[in-house]
Amino acid sequence: MSGRQRSFSASVLAIAAAGTLGAAGLTGFALAQGKPESLLPPGFDDPAPAPSPRQSPAPRPGQTPPAQPGQPPIAQPGTAPVPGAAVDPASLPPLPAISREDLARLPSLEQLENMSTEELDQLLGLAPKSDIPAGAQRALTRVGVLAVDEGGLPPLALANQSDKLVRAALSGTEGPLVSRWGHILLRRALASRLAAPLGMDPVEFAALRVGLLNRMGEYALARAVVQDIDTADWSPALTQEALSAYLAAGDITGACPAVRLQGSQRQDGEWVMWQAICNAYAGESALAATQLDRALFRGAAPRVDVLLARRFAGAAGRAQRGVNIEWQGVDDLNPWRFGLANAVGEPLPEGLLDSALTARGGAYYARSGALLPMLPASERAQFAGRAAREGILSADAMVDLYSEIHADPAAGEDQKAHAAALREAYVANDPAARIAAMQRLWADGAKLGGGDGYGARVLTAYAAARIPASAEHADAAGDLIAAMLAAGLDRNAARWADVAAQGSLGWALIALGAPNIEAVGQSPVESFIGSDASDGQRRSAFLVAGLAGIGRLSEGDAGALAGDLGFDLARQTRWTAAISRAAEVGNPALVALLAGLGMQGNSWSQMTPLHLYHITAALTRGGMVAEARMIAAEAVARG
């Protein structure tokens, strides 16, 4: 049979077989024609045939036999239960026992409803231990913001020092320093990237430094040092100092990462209000409102404090509630009220701030207000003079401030007059007119910040440096040089060396503050003493102590002159021994801390010539000659 005949016969047989299927087979054939035709090779998409029961391999020893159809799989010991598998109750681990004390510690339903997301995470053990990824967490080996190449002190300067001495120096410095340059020196030391002393925890070291920065009024710098430490590492002491720095710097929400991370570790009123504010700015406005309502109802904090917190928190939500701040019956000011009122633009009642400034601790408001960014220049100016004389504000910052006041039509008459006088001190054609403008500012120094008016010297420092050194202006040389040295312009002051008369104030300031001065003889010092009209000849005593400390007066001349003035440079105390030893071993950081300890006070009348001598001598031996010269010159200028 040929191939054509075989193909024809096969087709006939196929048709005959199809005919024997009946109607059902024909229907299936017709439906199959409506499906897409597969493009795969034959057998490629066909499922593998299921093995018959006789072909199933026998299970190996230790192997679970396959489940029969219709029977659930059997779970094996030590493995996770298979869904639908039979589990032996005896194989399950015992449930942990729960005592009545454990049940009593569980929060109520009301408490659960009032918890923030972070508090719920902490309760359930889901809260992260740190808000910073593991790869970005910072070590505590060195803490600070000022590196050596930026003017910071050596990082290991205190690493081998006694923790007791460092702790005593930091905690013992309780208030401001009498010296502007002493303040600047101590600020530099506290901001440096330093390793903790031997035996002291780095977080405790940081807390002590931040606390001292707060007491000095350096709130912005204290905040910067705090931010150099991961919030997960904060101790309760560091947290409290951080909150003080954030509040005084006007950065209320800056503390929120730490507040939300620590959750309910504290229950005092200030912490509750801070929690509510942070919850509001995290998008949980309803919870924040509930927390503040509860704090107001329970009296967790004074009513006006809670209302200020409610006003501040309300600014974060869309559905803001009007909050009327009720000052009735409020007779005193505190940092919370001052910071929150300025943050929300709420004016303080008349007389409340004035009485706070004159009360004990009132310097806090002046130091904070001088740098608050939300206050206009006219309001910051009333605090700027104090901040300048204490070392918080620089001469550049003072000039910028009064430049804003000059362009502010809302400024007061006195402020406008001071701004106009400062402008004249810079742009007047005649040097005599410029000096006269500066003298008006010096005479109004009390209005520029109170105290001894040294803030006005800081304000006019660069204007004084523009005056040409001339015998025509010799009478004003002392005041001009004092203003220049207030900003550290020692080379500009040195140009007046040939103009200032020997034994005059200008001569004394140059002898102390100018660089590259040779030794000073006893005769010109005696001339200065003879014309000194200061109270108890304090200026003369400071001149002798300063010249002896920086090595410009011989030991014999210094001893003789000090004896004539009634003090003994050879007298020793525990403090003098400590600072001398720190200088002897070349430890500038410890010298700076001990110098700050010895310069505490509100005025130079609280400073002794003996302390000035040992401070300037230690700084000179410790490699900080420039700081020693500026402190000694400032003592004579303000003594």
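These are my notebook entries on a predicted model, covering the whole protein, one helix pair, two loop residues and one glutamate.

**Entry 1, the whole protein.** I began with the secondary structure and counted 33 helices and zero strands in the protein. I then looked up burial, and found that buried residues make up 46% of the 639 residues. For the contacts between residues at least 6 apart in sequence, I noted that 64% join residues at least 24 apart. The surface came last in this entry: the protein exposes about 32,500 Å², and carbon and sulfur atoms supply 54% of that area.

**Entry 2, helices α24 and α26.** I turned next to α24, which spans residues 477–486, and to its packing against α26, where the two axes lie 8 Å apart and the angle is about 30 degrees. Angles under 35 degrees count as roughly parallel, and I therefore entered α24 and α26 as roughly parallel to each other. The handedness I looked up separately, and the crossing of these two helices is left-handed. Which residues of α24 meet α26? On the α24 side I listed Gly478, Ile481, Ala482 and Leu485, and on the α26 side Leu505, Gly506, Leu509, Ile510 and Gly513.

**Entry 3, two loop residues with positive phi.** Following the chain on from α26 (505–513), I came to the loop that leads to α27 (522–530), and Asn516 is placed in it. Asn516 is not a glycine, yet its phi is positive, near 60 degrees. Is Asn516 buried or exposed? I found a relative accessible area of 69% for Asn516, and since over 50% counts as exposed, I entered this residue as exposed.

Gln537 lies in the loop between α27 and α28, the latter covering 538–549. I noted a positive phi of about 50 degrees for Gln537, which is likewise not a glycine. Its relative accessibility is 27%, and I entered Gln537 as partly exposed, because that class lies between the 20% and 50% limits.

**Entry 4, Glu634.** My last lookup was Glu634, which sits in helix α33, residues 625–638. With a relative accessible area of 2%, Glu634 is buried, as the limit for that class is under 20%. What does the side chain of Glu634 contact? I found a polar contact of 2.7 Å that joins it to the side chain of Arg638. Leaving aside residues up to four places away in sequence, I also listed what Glu634 touches: Val178, Ser179, Arg180 and Trp181, then Tyr454, Trp604 and Gly639.

How values were computed
Residues numbered from 1 in each chain as written. Predicted model: local features only at pLDDT ≥ 70, side-chain atom pairs only at ≥ 80, totals over all residues. Heavy atoms only, no water. Buried < 20%, exposed > 50% of the residue type's maximum accessible area, 1.4 Å probe, protein only. Contact = heavy atoms within 4.5 Å. Areas by Shrake-Rupley, 256 points an atom, 1.4 Å probe, with all protein chains shown as cover. Polar contact = N/O pair within 3.5 Å; in protein donor to acceptor, adjacent residues only side chain to side chain. Axes fitted to C-alpha atoms, helices over the stretch in contact; angles between N-to-C directions. Parallel < 35°, antiparallel > 145°, perpendicular 65-115°, else oblique. Left-handed = near helix turned anticlockwise from the far one by under 90°.
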